[in-house]
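Open the model in your viewer and keep the sequence panel beside it. The stops below say what to select and what is there.

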Amino acid sequence: MSQEVKKFKRVLVANRGEIAIRVYRACAELGITSIGIYSKEDRYSMFRSKADEAYQLDPQKGPLDAYLDIENIIKIAKMRQVDAIHPGYGFLSENPALVRACEENGITFIGPDKEIMYALGDKISSKKMAEKANVPIIPGVEHAIKDIDEAIRVADMIGYPVMLKASNGGGGRGMRIINNKEEMPKEFQEAREESKKAFGDDLIFIEKYLKGPKHIEVQVLGDKHGNVVHLFDRDCSVQRRHQKVIEFAPAFTIPEKTRKEIFDASVRLCKEVGYNSVGTCEFLIDSDNNPYFIEMNTRIQVEHTVSEMITGIDLVQAQILVAEGYTLDSDEINIKSQDDIHCNGYSLQARVTTEDPANNFLPDTGTINQYRSGAGNGIRLDGGTAFTGAEILPYYDSLLVKVIAFDRTFEGTIAKCTRALREMRVRGVKTNMAFIMKLINNPVFKSGKCHTTFIEETPSLFD
Ligand code: ADP
């Protein structure tokens, strides 16, 4: 097999919290030394001590900007002679400027090439690419709307309700539902201003608003030699304010025909752009089971775990190995073809956060004065923030621990996840654990038939 492989000895992980630990672990398993970074505010956080080495970022930058300080991160990377940088999710993970800085300094970026990131990184360009690859997209326009007149014209053409979306939006932010012409001027103006502030530009586009669709996504993996496979799908329909709360794999309630369609479409899109890392193609599925591509995420995602559980493939290791130059069919990755990837059961992930459901999910902060985790057969916990004595900081994501269950049946994953949550104790800060238990034991959830509006339409979850 002819392939150019550059094995990494040292990898810097440009992130914090659970995903930083997840990547350090994959590095350790591959015999790679992990280099961590942390903000001054994070100096007592657990993740820092799980890296083989860790360095403090610029304390002047503040708790968030420290992790976005490309210059300083590259400086540390060079000082510690790292071969590669893993960006995790969030922060710099989809920022081509980091990829460029890596290239200029002879460091490998563990993710897709910057040209691919540009082509797929924002929602407008990824929809354009999808259209080119003959992947069905939601009716709308694939360019930034220039003024209110155009917004009204386009919305009239598509038909209300429509959605205004910030091309660079993320994390469920930067989306507005517009029900009629009268709402448009004010909403369009506000959407632009908000996007400029939150995402750095005011590129807004319009698409048809689908009522209560399912959110189904396909996990893909490509190497640097043109090979692409998928690792089946995930159902991420259970959301709050467009943000995922529970994810499961496979998406077993979708007809096989539709599933095959989105697997094929995702692989086709990745082949079209030469996608060469892990990534996710996201689709909305309407009530007639028609799939519509919405965007591609060019990073490892929070919910990658459930795909790992059902296939037995370690996605973070695979991501590092393809960045080193290994082909999918190499002995190291050992995926000879798509037929080598099997779905061996069901997996469910619950995101335990320090949000208080009784108080509009406001994130709680303070000291955890008692922490006891769940464990046992079929339970995987990806965390690293929670321990007795841990300080929950107000600056960061409220994710405390991901409780991931695996079983031969979907009902089995619910039973295991519920049991693990009942074993857990978190005292000192509020959490959403009781809410999650109620949610996953709701009959609609148990049937696998939740839609994206399930939480807001089910007041009994809050009783
Ligand atoms: P983000 O990048 O912020 O996660 P996405 O484009 O992935 O945003 O969309 C997040 C969620 O918003 C979707 O899962 C869905 O619930 C909702 N959504 C997005 N676009 C539409 C649409 N056109 N119609 C209805 N819901 C939508």
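Helices, of at least four residues, and strands, of at least two, are DSSP runs numbered from the N terminus. The model is predicted.

**Stop 1: a helix and the residue after it.** Select helix α6, residues 123-132. Its buried residues are Lys123, Ile124, Ser126, Lys127, Met129 and Ala130. Now show what covers them: the cover includes α5 (114-121), β6 (162-166), β8, α9 (256-273) and β13. Then move to asparagine 134, which follows α6 and has a positive phi, near 60°.

**Stop 2: the ligand.** Select the ligand and the 20 residues around it. Which of these residues come nearest? They are Gly170, Leu210, His215, His242 and Thr452. Three elements each give two or more residues to this shell: β8 (204-208), β12 (278-285) and β13 (291-297). Two of them, β8 and β13, were also among the elements covering α6. Colour the shell by residue class, and it divides into eight nonpolar, eight polar and four charged residues.

**Stop 3: an annotated arginine.** Go to Arg299, which the unreviewed UniProt entry annotates as "active site". Where does arginine 299 lie? Look in the loop between β13 and α10 (304-311). Is arginine 299 buried or exposed? Arginine 299 counts as buried because it has 25 C-beta neighbours inside 10 Å, and the cut-off for buried is 20 or more. Leaving out residues up to four places away in sequence, arginine 299 touches Pro87, Tyr89, Ser93, Glu94 and Gly111.

**Stop 4: a covered strand.** Select strand β14, residues 346-353. How many of its eight residues are buried? The count is eight of eight. In a regular strand the side chains alternate between the two faces of the sheet. Show the side chains of β14: Tyr346, Leu348, Ala350 and Val352 point one way, while Ser347, Gln349, Arg351 and Thr353 point the other way. The residues on both sides are all buried.

**Stop 5: the partners of that strand.** Add strand β11, residues 243-249, which pairs with β14 in the antiparallel sense over four bridges. To find one of the places where they join, select isoleucine 246 and its bridge partner in β14, alanine 350. Next add strand β21, residues 399-407, which runs antiparallel to β14 and is joined to β14 by eight bridges. Here, select valine 352 together with its bridge partner in β21, valine 401.

Terms used. Residues are numbered from 1 along each chain as its sequence is written. This is a predicted model: local features need pLDDT of at least 70, side-chain atom pairs count only at pLDDT 80 or more; totals for chains, interfaces and linings use all residues. A residue is near a molecule or strand if its C-beta atom, placed from the backbone, lies within 6 Å of it. Ala, Val, Leu, Ile, Met, Phe, Trp, Tyr, Cys and Pro count as nonpolar, Asp, Glu, Lys and Arg as charged, and the others, Gly among them, as polar. UniProt positions are given in the numbering used here, feature names are shortened, and annotations may be inferred rather than shown by experiment. A residue is buried if 20 or more other C-beta atoms lie within 10 Å of its own, exposed if 12 or fewer, and partly exposed in between; C-beta atoms are placed from the backbone. Two residues are in contact if their C-beta atoms, placed from the backbone, lie within 7 Å. Two strands pair if DSSP finds at least two bridges between them.
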